[in-house]
Amino acid sequence: MIREIVVTKKAPSALGPYSQAIKTKDMVFVSGQLAIDPSSGELISGDIREETRQALNNLKQILLAAGSKLDHVVKTTLYISDMDDFGRINEVYTEFFDQDPPARACVQVARLPKDANVEVEAVALFKNS
């Protein structure tokens with residue numbers, strides 16, 4: 001099986017020994033994205049809506065670099081630090097996935113890298129369109 005590493009400067013670099021995404025013949029696997037501003041490298045924090053929006057923008061940019069897009073996402077997983085933020089996160093999530101949203105899991109975790117409040121990963125179909 002052939003796999004290709006996806007790299008874009010329009011999203012933050014990986015924080016560890018992993019790739020922003022891996023593309024195969026038919027699929028794109030995007031690593032978990034935090035609310036890191038790719039231009040400054042700083043975590044956006046304070047407002048869960050803004051954190052969620054930045055994490056999803058990072059995800060979107062990686063998908064575009066892979067030749068895919070949000071419409072081709074089949075599954076997301078959200079890791080959040082506080083389930084009380086679920087409704088506010090969903091408000092922003094709907095801005096990105098407003099029609100025919102992908103399958104999704106959302107779990108509360110004890111801690112995320114950089115003490116972020118939300119992390120989003122995705123699996124998408126690869127479509128060169």
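In the predicted model, T52 touches I89, V92 and V118, when residues up to four places away in sequence are not counted. T52 is found in helix α1, and T52 counts as buried because its relative accessibility is 0%, below the 20% limit that applies to buried residues. A103 stands 51 residues from T52 along the chain, and the C-alpha atoms of these two residues are separated by 18 Å.

Helix α1, which spans residues 48-66, also takes part in the largest nonpolar core, a set of 26 residues. Within this core, the residues with the most contacts are L56, L59 and L63. At least two residues of the core are supplied by each of β3, α1, β4 (73-80), α2 (86-96) and β6, and the greatest contribution is that of α1, with 7 residues. For L56, the contacts computed without residues up to four places away in sequence are with V92, Y93, F96, F97 and V120. V92 thus appears both among the residues touched by L56 and among those touched by T52.

Strand β3, one of the elements that supply the core, comprises residues 27-33 and is mostly covered, with 5 of its 7 residues buried. Two pairings of this strand were examined. With strand β2 (residues 21-23), β3 runs antiparallel, and the two strands are joined by 3 bridges; in this pairing, A21 has V30 of β3 as its bridge partner. The connection between β2 and β3 is a hairpin that passes through 3 residues. With strand β6 (residues 118-125), β3 pairs over 5 bridges, again in the antiparallel sense, and M27 stands opposite L125 of β6.

Strand β3 also contributes to the largest pocket, where its 3 residues make up the largest share of the lining. The space in this pocket amounts to about 150 Å³. The lining consists of 14 residues, of which A14, L15, Y18, G32 and L34 are the closest to the centre of the pocket. By residue class, the lining divides into 7 nonpolar, 6 polar and 1 charged.

Taken together, these results place β3 in antiparallel pairings with β2 and with β6, among the elements that each supply at least two residues of the largest nonpolar core, and in the lining of the largest pocket.

Technical notes
Residues are numbered from 1 along each chain as its sequence is written. This is a predicted model: local features need pLDDT of at least 70, side-chain atom pairs count only at pLDDT 80 or more; totals for chains, interfaces and linings use all residues. Side-chain values use heavy atoms; hydrogens and water are left out. Buried means under 20% relative accessible area, exposed over 50%, partly exposed in between (1.4 Å probe, protein chains only). Helices (H or I, at least four residues) and strands (E, at least two) are DSSP runs, numbered from the N terminus. Two strands pair if DSSP finds at least two bridges between them. A nonpolar core is a set of buried Ala, Val, Leu, Ile, Met, Phe, Trp, Tyr and Cys residues joined through side-chain atoms within 4.5 Å. Contact means heavy atoms within 4.5 Å. On a 1 Å grid over the protein atoms alone, a cavity is a set of points where a 1.4 Å probe fits but cannot get out, and a pocket is an open set with protein on both sides within 12 Å along at least five of seven lines; lining residues have an atom within 4 Å of a point. Grid points are joined across faces, edges and corners, and a volume is the space filled by probe spheres set on the points. Ala, Val, Leu, Ile, Met, Phe, Trp, Tyr, Cys and Pro count as nonpolar, Asp, Glu, Lys and Arg as charged, and the others, Gly among them, as polar.
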